[in-house]
Amino acid sequence: MTEAKPMQESSVLWRRLVEQTEYALRCGALQSIPTNYEFVEQGGIRFLVRILANLVRKDAAKPPAKTGKDFNPFLPYEEDLFVADISDTHVCLLNKFNVVEHHLLIVTRAFAEQESWLDLADFQAMWLALAEIDGLAFYNSGSIAGASQRHKHLQLVPLPLVDDGDGEEMPIAPLLKTAKFEDGIGTIPDLPFVHGIAKFDPSWINSPDVAAEMTLKSYLNLQKAVGLLNDLEEIGDRPNGAYNLLATREWIMVVPRRQEFFQGISVNSLGFAGALLVRNQEQKQLLLDTGPLNILTAVAQPGNLEKFCG
């Protein structure tokens with residue numbers, strides 16, 4: 001596995017992100033998607049549900065000649081979206097069609113498939129970003145997990161996901177406190193789908209190299225625990241299936257996937273943080289009628305970790 005060498009100076013990434021966001025908005029390179037939002041409670045989670053205010057804008061902004069399966073917006077990337085050289089293996093770019101403000105992409109310089117394993121360099125780049133931006137990092141492993149691009153990229157959004165005064169960084173935060181751990185792998189009893197969680201040492205934030213090494217170990221152990229890796233000693237080209245990964249400075253979670261959509265509603269990693277996006281009022285009503293937790297269970301692997309592994 002390759003290793004990343006830090007290039008971005010300390011305490012610069014957030015300033016660059018803010019500055020480039022302002023510039024990209026002025027020149028039209030960044031085409032933020034306006035949304036309205038409300039909260040829907042189910043299963044002890046106060047889900048954040050965003051409703052697109054103008055779907056036409058996103059669809060019209062995509063260049064018609066570059067929408068084929070081989071089109072890669074990261075090679076070359078759009079210069080006006082460039083934020084930083086986070087390492088010699090990764091660059092940071094703005095998410096062109098962002099819904100969340102200051103949405104950062106952590107993209108490999110060389111092409112790698114989005115369905116391939118995350119490696120040490122990926123986690124080093126992730127931690128270099130987390131060291132400066134207290135946020136939620138996530139990875140959609142393949143189209144079934146909600147990825148829209150084949151080129152490998154992690155993503156990072158600042159926390160809290162929305163500042164509504166409730167004191168929680170993300171909707172799933174209260175349930176994380178109820179996780180039960182055995183041999184370093186945790187599960188949340190009230191989540192009815194397969195998942196695995198591992199905790200991070202708070203001191204790792206001061207050493208991205210150490211953090212990356214320990215995160216890689218946790219990542220592989222979680223992959224094995226949820227059935228996406230058969231043997232830690234025999235790692236193939238890619239996991240046994242699609243999954244979503246979420247990580248903060250404090251924990252990492254892996255959720256295996258079986259489908260991307262629930263009756264037209266696409267779910268990516270943010271869904272498992274408790275944040276869902278619907279395209280119109282019809283999808284919003286479907287979500288209300290079905291229940292957001294039931295939607296997550298439908299697109300994930302149903303059943304708790306013990307049943308899955310047993």
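Visitor: Does His102 count as buried or exposed?
Guide: In this predicted model, His102 is found in the loop between S4 and S5. Its relative accessibility is 14%. The cut-off for buried is under 20%. Because 14% falls under that limit, His102 counts as buried.

Visitor: What is the phi of His102?
Guide: His102 is not a glycine. Even so, the sign of its phi is positive. The value is about 60°.

Visitor: Does Asp183 count as buried or exposed?
Guide: Asp183 lies in the loop between strand S8 (180-182) and strand S9 (185-187). It is not a glycine, yet it has a positive phi of about 55°. Exposed means over 50% relative accessible area. At 77% relative accessibility, Asp183 counts as exposed.

Visitor: How many helices and strands does the chain have?
Guide: The chain has 310 residues, and 53% of them count as buried. Take contacts between residues at least 6 apart in sequence: 69% join residues at least 24 apart. The secondary structure comes to 9 helices and 15 strands.

Visitor: How far apart are the end C-alpha atoms of helix H1?
Guide: Helix H1 covers residues 13-27, which makes 15 residues. At 1.5 Å a residue, H1 should span 21 Å. The model agrees: the end C-alpha atoms are 21 Å apart.

Visitor: Within what arc do the buried residues of H1 fall?
Guide: The buried residues of H1 are Leu13, Arg16, Leu17, Gln20, Thr21 and Ala24. Seen down the axis of H1, they line one face of the helix. An α-helix has 3.6 residues a turn, so residues three or four places apart point the same way. The buried residues of H1 fall within an arc of 135°.

Visitor: Which elements do the buried residues of H1 pack against?
Guide: The partners include three strands and a helix. They are strand S3 (82-84), strand S4 (90-94), strand S5 (104-108) and helix H3 (120-130).

Visitor: Which residues does Thr108 touch, not counting residues up to four places away in sequence?
Guide: Thr108 has its place in strand S5. At 9% relative accessibility, Thr108 counts as buried. Its contacts are Thr89, His90, Asp122, His151 and Lys152.

Visitor: How far apart are the end C-alpha atoms of helix H5?
Guide: Helix H5 runs over residues 208-225, so there are 18 residues to count. At 1.5 Å a residue, H5 should span 26 Å. The computed distance agrees with that, at 25 Å.

Visitor: Which residue just after H5 takes a positive phi?
Guide: The buried residues of H5 include Pro208, Leu216, Tyr219 and Ala225. Just after H5, a phi of about 90° appears. The residue is Gly227.

Visitor: How much space lies in the largest cavity?
Guide: The structure holds 1 cavity of 30 Å³ or more. Among the residues that line the largest cavity are Ile45, Phe47, Phe193 and Leu296. The lining divides into 8 nonpolar, 2 polar and no charged residues. The space is about 30 Å³.

Visitor: Which elements each supply at least two residues of the lining of the largest cavity?
Guide: One is a strand and the other a helix. They are strand S2 (45-52) and helix H6 (269-272).

Visitor: Which residues are closest to the centre of the second largest pocket?
Guide: The second largest pocket has a volume of about 330 Å³. Its lining has 16 residues. Those closest to the centre are Ala173, Leu176, Thr248, Glu250 and Trp251.

Visitor: How many residues of the lining of the second largest pocket are charged?
Guide: Helix H4 (173-176) and strand S10 (196-199) each give two or more residues to this lining. The lining has 8 nonpolar residues and 1 polar. The charged residues come to 7.

Visitor: How far apart in space are Lys199 and Arg249, C-alpha to C-alpha?
Guide: Lys199 is found in strand S10. At 57% relative accessibility, Lys199 counts as exposed. Lys199 and Arg249 are 50 residues apart in sequence. In space, the separation is 9.1 Å.

Visitor: What is the omega of the cis peptide bond that joins Leu75 and Pro76?
Guide: Pro76 has its place in the loop between helix H2 (55-61) and S3. The bond from Leu75 to Pro76 is cis. Its omega is about -5°.

How values were computed: Residues are numbered from 1 along each chain as its sequence is written. This is a predicted model: local features need pLDDT of at least 70, side-chain atom pairs count only at pLDDT 80 or more; totals for chains, interfaces and linings use all residues. Side-chain values use heavy atoms; hydrogens and water are left out. Helices (H or I, at least four residues) and strands (E, at least two) are DSSP runs, numbered from the N terminus. The expected span of a helix is 1.5 Å times one less than its number of residues. Buried means under 20% relative accessible area, exposed over 50%, partly exposed in between (1.4 Å probe, protein chains only). The arc is that of the directions from the helix axis to the C-beta atoms. Contact means heavy atoms within 4.5 Å. On a 1 Å grid over the protein atoms alone, a cavity is a set of points where a 1.4 Å probe fits but cannot get out, and a pocket is an open set with protein on both sides within 12 Å along at least five of seven lines; lining residues have an atom within 4 Å of a point. Grid points are joined across faces, edges and corners, and a volume is the space filled by probe spheres set on the points. Ala, Val, Leu, Ile, Met, Phe, Trp, Tyr, Cys and Pro count as nonpolar, Asp, Glu, Lys and Arg as charged, and the others, Gly among them, as polar.
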